[in-house]
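Hi,

Here is the structure I promised to pass on. Have a look at it first, and my notes on what turned up follow underneath.

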Amino acid sequence: MIRRRRAAAVAVLLLAVGGLLIFVLLPRAGTDAATARGGVILSVPGGRNLSLTEAEARRIVAGSRPLPVPSRRVAVRGDARIIYRLDRRSARRELAGRLASDSGSVSVVERPVSVTIRAPVVKQVYPNNCETAALQMLLATRGVEQTQRSLQSRLRRDGPLDPRTARDGTKVWGDPKQGFVGRVEGGGVAGGFGVYGKPLIALADRWVEAVNLSGTQPSAIYRRLLSGHAVLAWTALADGPYETWRGPRGEPVTVNWGEHTVLLRGLTGGRLIVNDPLTGERLTWTKAEFEEKWALLGRRAISA
């Protein structure tokens, strides 16, 4: 009796193991089934996988069936809304290659084509603090709330408040590469000028990791925007007037008195969305307009 029970238990165990092996080894529905039939797995951005039979894949390659993916995808990353365009043409080419090799998977490639980044529109409170007003807007896109007055008070300064004249008659003043130059509220004998990227990066680094984009190509600015990051850029109000003076360390300092900064917070339809702290308004520029204004200030920009 005991032997018969043991034999029955062994038989049940063997049946269970055999069933498990059959389940593991047989092709499953969806991804593995399509591969087993010589089909193709279509990997779609956003984490979806589509299983195509060989016949379905061949009809797509031949153009008799549309690719079963949308033409675009919208993603929200923090304060940024990014629109991606899916490259159907390259997907068909890769699909044809996978069919020639019998099986495999195809990843549908996408690229960002449009972005809008939520940012407050701030008007500068002093005649010469467009940089800290723009920085306030940039930090806000990263969830950091700071006022432009607070930022200005923490910003590094360089050189005397007002320019002085050396014995040889040379004008001596600050270097905007090292700190804010002049009077932020204007007045005095020369008013104020402003500041460039290095001191502003040092200030921004207190709360976020700032990125220096100065000296790059316009394409780097657009890529940064399309990745969901706003850009603070130095742009000229005019082509001059220009002036050269000597910095506190004896270095020559040449400036464009049309110096200004804005926040780039979007790129859509080939046009840039711009927050201008001078007027407290949102503007739109063509790429050509931006690139001309940006070049006149030496292609300076930072991001966060």
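**What I found**

In H8, Pro 218, Ile 221 and Tyr 222 meet Lys 287, Phe 290, Glu 291 and Trp 294 of H9. Sorted by type, the residues of this H8–H9 contact come out as five nonpolar, no polar and two charged. I started with that one as it is easy to find on screen.

Before going further: this is a predicted model, so please read everything below in that light.

As for the geometry of that pair, H8 covers residues 218–226 and H9 covers residues 287–295. They pack at an angle of about 120 degrees, and their axes are 11 Å apart. Because angles from 65 to 115 degrees count as roughly perpendicular and those over 145 as roughly antiparallel, H8 ends up oblique to H9. The crossing of H8 over H9 is right-handed.

**The other helix pair**

H3 (residues 54–62) and H4 (residues 88–100) also pack, here at an angle of about 135 degrees with the axes 9 Å apart. That angle makes H3 oblique to H4. The crossing of H3 over H4 is left-handed. On the H3 side the contact is made by Glu 54, Ala 57, Arg 58, Ile 60 and Val 61, and on the H4 side by Arg 92, Leu 95, Ala 96 and Leu 99. By type, the residues of this H3–H4 contact split into six nonpolar, no polar and three charged.

**The sheet under H4**

What is the strand order in the open sheet of three strands? Reading across, the order is E2-E1-E5, and the pairing is mixed. The edges are E2 (48–52) and E5 (104–107), each of which pairs on one side only. From one strand to the next, the twist averages 25 degrees. E1 (residues 40–44) and E2 run antiparallel and are joined by five bridges. If you want a spot to zoom in on, Ile 41 stands opposite Ser 51 in E2. H4 comes back into the story here: that helix packs on the sheet and touches E1, E2 and E5. The direction of H4 makes about 170 degrees with that of E5.

**Strand E12 and its two partners**

E12 is a short stretch worth clicking through, residues 231–234. Val 231 and Ala 233 point one way from E12, while Leu 232 and Trp 234 point the other way. Are these residues buried or exposed? All of them are buried.

E12 pairs with E15 (residues 261–268) in the antiparallel sense, over four bridges. In that pairing Ala 233 stands opposite Val 262 in E15. E12 also pairs with E18 (residues 301–303), again in the antiparallel sense, over three bridges. There, Leu 232 has Ile 302 of E18 as its bridge partner.

**The whole chain**

Finally, some totals for context. The chain has 304 residues, of which 42% count as buried. Its secondary structure consists of nine helices and 18 strands. Looking at contacts between residues at least 6 apart in sequence, 58% join residues at least 24 apart.

That's the lot from my side. Shout if anything looks odd when you open the file.

Cheers

Terms used. Residues numbered from 1 in each chain as written. Predicted model: local features only at pLDDT ≥ 70, side-chain atom pairs only at ≥ 80, totals over all residues. Heavy atoms only, no water. Axes fitted to C-alpha atoms, helices over the stretch in contact; angles between N-to-C directions. Helix = DSSP H or I, 4+ residues; strand = E, 2+ residues; numbered from the N terminus. Parallel < 35°, antiparallel > 145°, perpendicular 65-115°, else oblique. Left-handed = near helix turned anticlockwise from the far one by under 90°. Contact = heavy atoms within 4.5 Å. Nonpolar A, V, L, I, M, F, W, Y, C, P; charged D, E, K, R; others polar. Buried < 20%, exposed > 50% of the residue type's maximum accessible area, 1.4 Å probe, protein only. Pairing = 2+ DSSP bridges.
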